[in-house]
Amino acid sequence: MVYKLDLIDRKILVELDTDARTSFAKIGKRIGVGKNNVQYRVARLVEDGVIKKFVLQPSLSKLGLFLGKIYLQMSGYTEQTEEIIYKFLLNDKRISWVAKCEGNWDIMLGAYVENVQQFNKLRNDFFERFGQYVNNYDVVFLTEGRTSQRTYLLNKKSFYSKKVEDFMGKGKIKLKKNDVEILRFISNNARFSYTEVAKKFRMNVKTVQSRIKKMEQMEIIQGYVTFLDIRKIGYNFFKLCLHTKGKTVNDIVKYCLEMPNVVHVIESVGPWEVELEVETENLQDFYDLMHNIRNKFSDSIKKTDFVVIVDEVKLDFFPTWY
């Protein structure tokens, strides 16, 4: 059953999409409702599963990491084998993202690694166990990403975007052990209180606040976002990969960021140069968006690939092994 959002719910979600740590009072002031009303509605959205979690966005480059992905076309396995495959992917701490798909690929997985050798080891480990079921696969490394607000919830064009990541490591900043532990603790709890963190690690509240603020200033922490289950509100999640001729990538990125249903634009090294994350109510709306982009850049886009992401079964923004 689709969860019916009213206008106030939609405005709240757009505010939380920009900064998951925005106070209920500030949100209320911006949208013209009381703090308690905002707090009640957010609690209800969490309880009903529309909001899955509030997450931290770390800088992979400053952690000395980069993100590699494998997109797999699979066949020939039973339901029992499929369960074994997903159990393997969920239990492997090196893997931070796993998605079930329909379209060009069947399974997508992503891993935060320090070097190509680590990524290659992960790929080989998977293929040693399940390679017999793989028909084809693509490997892609992410270089830069930008996010936009979900302004489609308000039927508005997107004018806001935030550069959230240089995915390729540019030099590791050495962190204290306590800082790493704090990052791990708040990674899936972005609406943390400093008191809560201090109690967890038996530290002074002011010390915790100072450490987190310093990591924000150094852009080790790049922001805090809200992770939604968009299927609950009647939307579908697509990935659209654009194979380009390279020269007009910047123009394509800029154009796509202004499209309200495009929520994430990623530049990459691999078979394609640009990867879009798109949320629409139905397949026809997605086709219209895809054809819009292809027609606009008909001289630049060689071909497109896309999938519907049926379920994100694993999503960690901070590597648990780090």
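In helix H6 (residues 177-186), the buried residues, that is, those under 20% relative accessible area with a 1.4 Å probe on protein chains only, are Asp179, Val180, Ile182, Leu183 and Ile186. Viewed down the axis of H6, these buried residues fall within an arc of 160 degrees, so they line one face of the helix; the arc is taken from the directions from the helix axis to the C-beta atoms. Helices (H or I, at least four residues) and strands (E, at least two) are DSSP runs numbered from the N terminus. The model is predicted, with pLDDT of at least 70 required for local features and 80 or more for side-chain atom pairs, whereas totals for chains, interfaces and linings use all residues. Residues are numbered from 1 along each chain as its sequence is written, and side-chain values use heavy atoms, with hydrogens and water left out.

The buried residues of H6 pack against strand E1 (51-58), helix H7 (194-201), helix H8 (205-217) and strand E7 (221-228), contact meaning heavy atoms within 4.5 Å.

Asp179 of H6 is also among the residues that line the largest pocket, together with Ile173, Lys174, Leu175, Lys176, Ser210, Arg211, Lys214, Met215, Met218 and Ile220. A pocket is an open set of points on a 1 Å grid over the protein atoms alone, where a 1.4 Å probe fits, with protein on both sides within 12 Å along at least five of seven lines, and its lining residues have an atom within 4 Å of a point. The largest pocket holds about 190 Å³ of space, and H8 supplies the largest share of its lining, 4 residues.

Terms used
Buried means under 20% relative accessible area, exposed over 50%, partly exposed in between (1.4 Å probe, protein chains only). Grid points are joined across faces, edges and corners, and a volume is the space filled by probe spheres set on the points.
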